[in-house]
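Biologist: Please take a close look at a single part of this model, and then describe some other parts of the fold.

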Amino acid sequence: MEIYFQGILTIMSLVNPLICSQIFNGIEKGRSYQHKLKDLTETVLSIGAILAISAFLGSKLLNTLGISLDAFQAAGGIVLFWIGFNMLNQKSNQQPEEKEKSLMPLILFAASPGTITGVITLSIAETESNFPKVALISILIVLTLMWVIIAFRSKGNSLNKKPSKGGQLATRFMGLIILSMGIQFILSGVSGFWMGVSI
């Protein structure tokens with residue numbers, strides 16, 4: 001039971017449902033609650049699919065391609081850095097109803113290189129079985145909680161149809177968080193890689 005608790009805490013801290021809620025509401029601001037629930041469900045399923053595939057195939061794929069976890073984390077950090085940079089520089093006159101508006105920043109935040117690395121690490125730790133049940137159960141519980149938290153926090157934000165200064169500031173603040181996470185992943189990946197080379 002303790003290993004499941006540790007797995008849930010690990011995935012919960014990496015996914016961070018509260019920050020995901022802020023990102024989601026910033027992107028979906030002004031849309032109806034029904035539209036939000038539809039987008040939320042699709043997004044959570046996408047995140048779940050990415051993390052589940054990582055649990056089953058992540059370590060095997062990286063080993064096959066000769067890619068270390070450190071290199072993967074650094075490369076993913078560059079992607080997060082770019083997403084955060086774009087959120088910071090989002091134009092104030094951009095309308096929230098635009099068709100091209102995407103929940104990709106949320107997906108890349110929740111299924112970040114750090115989260116995927118954590119999932120792969122949990123899977124590798126299950127040496128007695130080829131089926132990563134601890135990782136999969138942890139993912140299921142955390143994403144279910146994430147759906148509930150975001151759905152609850154989104155319900156009161158569906159009536160305001162116009163972008164607000166507060167919403168723009170929140171989007172830029174979350175962009176700064178994502179950008180900072182990207183830099184942290186890059187530094188951690190490069191540091192881990194060089195430490196491995198020097199040994």
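**A loop residue and its setting**

Modeller: Asn16 is found in the loop between helix H1 (2–15) and helix H2 (17–28). Helices here are DSSP runs of H or I with at least four residues, numbered from the N terminus. This is a predicted model, in which local features need pLDDT of at least 70, side-chain atom pairs count only at pLDDT 80 or more, and totals for chains, interfaces and linings use all residues. Residues are numbered from 1 along each chain as its sequence is written, and side-chain values use heavy atoms, with hydrogens and water left out.

Phi of Asn16 is near 55°, a positive value in a residue other than glycine. Most residues other than glycine have a negative phi. Asn16 has a relative accessible area of 25%, so it is partly exposed (buried is under 20%, exposed over 50%, partly exposed in between, with a 1.4 Å probe and protein chains only).

After Asn16 comes H2 (17–28), which packs against helix H7 (residues 133–154) at an angle of about 45°, with their axes 9 Å apart. Axes are lines fitted to C-alpha atoms over the stretch in contact, and angles run from 0 to 180 degrees between N-to-C directions. H2 and H7 are therefore oblique to each other; angles under 35 degrees count as roughly parallel, over 145 as roughly antiparallel, 65 to 115 as roughly perpendicular and the rest as oblique. Their crossing is right-handed, meaning that the near helix is turned clockwise from the far one by less than a right angle.

Elsewhere, Trp82 lies in helix H4 and is exposed, with a relative accessible area of 52%.

Conventions:
Helices (H or I, at least four residues) and strands (E, at least two) are DSSP runs, numbered from the N terminus.
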